[in-house]
Structure formats: C-alpha cells, structure tokens
Amino acid sequence: MRRLNRWIAAVVLWVAFTSMAGAETLAATVEQWGLLGSWAVDCAARPDRDKGALLTYEIRKDGRVMYRRNFGEAKDENEVVSATVNAEGLLDVMVFFPALHQTREFGLLLQKDGSLRAIYNRSERGEYTIKDGKYVATGAPTPAQLRCD
C-alpha cells in the first residue's frame, strides 16, 4: 500500500510538472494527429456503458489536454499527460484517472477512412484490456469510432 501511495504521489507530481512544461507540445501533437473532438461507435446513439460511450478530447484554455468519457449514467474527465506518435503512426496516449488511482496507456490508430480504432489499452502494471486491436476478455476486435462533431 505504501508503495502504491508513493507511486500515485509521483504520478501526480509528474502530471503537474509535465502539464506546465509540455502543454504546447502535447496539445500540438494531439491536434496535428487529428484526435481532437468527440468520437463514438455510433454518433446517433445515446451514450451507454454497454452500447458505447462518447469520448471527447479537447484542449483547455490553459493548454491542458482533457479526455472526457460520457457513458450516459456516468461521466468523467481526466487529463492526458502525454501523447506521442510512433513510427507506424499510432498515437500513444497516457491518461491519469484520479478516481481510479491509476494511469492508463492506450494506442490509437487513425484509419484511412477517418475513423479511430483502439489498438491497445493497458494499466501502469502492464495489464491489458485491449491488445493487438482485440479485447483481451473476448478476443473480439475493437470497433471503429467515428468523429461525432
């Protein structure tokens, strides 16, 4: 428990310092890559935990990049602490979720048709919920998300 508390404190400090130091770079990365805006599997459907959330990425006036999730009955807002584009064009995003006491990293692929697809999603412990474009629990491929705005 003590180790976890130290790790959380380190992440919070890292978020604070990197937010100030790298806000322009982070904002430019997500904007140039094409991440900003709202995304959903079905933009006409109401957000729902089981049928699809509305996911929104935005740059605040203070330069912070925020990730909002709307599941219908539940909503949250979390700070994107880093984003880099790898050699294959995958956007590697790291988001700190204070309510969950964890940082998650996910890889997003912008497809040729303009849709977005999650290729991986893992915890700071390396536990995957999505790996190689498939849900670990079911083996089903992740669906394409469309820009809703």
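This is a walk through the strands, turns, aromatic contacts and disulfide of the structure above. The model is a predicted one, so please read each value below as computed from its atoms.

Let us start with strand 3, residues 65–70. Five of its six residues are buried, so strand 3 is largely enclosed by the rest of the structure. On one side, strand 3 pairs with strand 2 (residues 54–59) in the antiparallel sense, over six bridges. One place to find this pairing on screen is threonine 56, whose bridge partner in strand 3 is arginine 68. Five residues separate strand 2 from strand 3 in their hairpin, and glycine 63 there takes a positive phi near 95°.

Strand 3 also pairs with strand 4 (residues 75–85), again antiparallel and over six bridges. Here methionine 66 has glutamate 79 in strand 4 as its bridge partner. The hairpin formed by strand 3 and strand 4 has four residues between the strands, and glycine 72 in the turn shows a positive phi of about 90°.

Further along the chain, strand 5 and strand 6 form an antiparallel pair over seven bridges. Strand 5 covers residues 91–97 and strand 6 covers 102–110. Phenylalanine 97 is bridged to glutamine 102 in strand 6. The hairpin of these two strands has four residues between them, and histidine 101 takes a positive phi near 55°. Histidine 101 has this positive phi although it is not a glycine. Is the residue buried, exposed or partly exposed? Its relative accessibility is 48%, so histidine 101 counts as partly exposed.

Strand 6 goes on to pair with strand 7 (residues 116–123), antiparallel and over seven bridges. Leucine 110 stands opposite leucine 116 in strand 7. In the hairpin of strand 6 and strand 7, with five residues between the strands, glycine 114 has a positive phi near 90°.

Another positive phi in a residue other than glycine belongs to aspartate 132, with a value near 55°. Aspartate 132 sits in the loop between strand 8 (128–131) and strand 9 (134–135). With a relative accessible area of 64%, aspartate 132 is exposed, because the cut-off for that class is over 50%.

Now for the aromatic side chains. A pair of aromatic rings is described by the distance of the centres and the angle of the planes. Searching the whole structure gives three aromatic pairs. In one of them, the ring centres of tyrosine 67 and phenylalanine 97 are 6.2 Å apart and the planes meet at 80°, so the pair is edge-to-face. This contact links distant parts of the chain, since tyrosine 67 is in strand 3 and phenylalanine 97 is in strand 5, 30 residues apart. Tyrosine 67 and phenylalanine 97 are both buried.

Tyrosine 67 also pairs with phenylalanine 106: the centres are 5.6 Å apart and the planes are at 45°, so this pair is tilted. It too links distant parts of the chain, with tyrosine 67 in strand 3 and phenylalanine 106 in strand 6, 39 residues apart. Like tyrosine 67, phenylalanine 106 is buried. Together, Tyr57, Tyr67, Phe97 and Phe106 make up one aromatic cluster.

Rings meet charges as well. The charged end of arginine 49 sits over the ring of phenylalanine 71, at 4.1 Å from its centre. Lysine 131 places its charged end over the ring of tyrosine 128, at 4.8 Å from the ring centre.

Finally, which cysteines are joined by a disulfide? The count comes to one disulfide, and this bond joins cysteine 43 to cysteine 148 with an S to S distance of 2.0 Å. The torsion about its S-S bond is about -80°, so the disulfide is left-handed. Cysteine 43 lies in the loop between strand 1 (37–40) and strand 2, while cysteine 148 is in the segment after strand 10 (146–147), so the pair ties together parts that are 105 residues apart in sequence. Cysteine 43 has a relative accessibility of 35% and so counts as partly exposed. Cysteine 148, at 29%, counts as partly exposed too.

Terms used:
Residues are numbered from 1 along each chain as its sequence is written. This is a predicted model: local features need pLDDT of at least 70, side-chain atom pairs count only at pLDDT 80 or more; totals for chains, interfaces and linings use all residues. Side-chain values use heavy atoms; hydrogens and water are left out. Buried means under 20% relative accessible area, exposed over 50%, partly exposed in between (1.4 Å probe, protein chains only). Rings of Phe, Tyr and Trp (its six-membered ring) pair if their centres lie within 6.5 Å; planes under 30 degrees apart count as stacked, over 60 as edge-to-face and the rest as tilted. A charge sits over a ring if NZ of Lys or CZ of Arg is within 6 Å of the ring centre and within 35 degrees of the ring normal. Two strands pair if DSSP finds at least two bridges between them. A disulfide is a pair of cysteine sulfur atoms within 2.5 Å.
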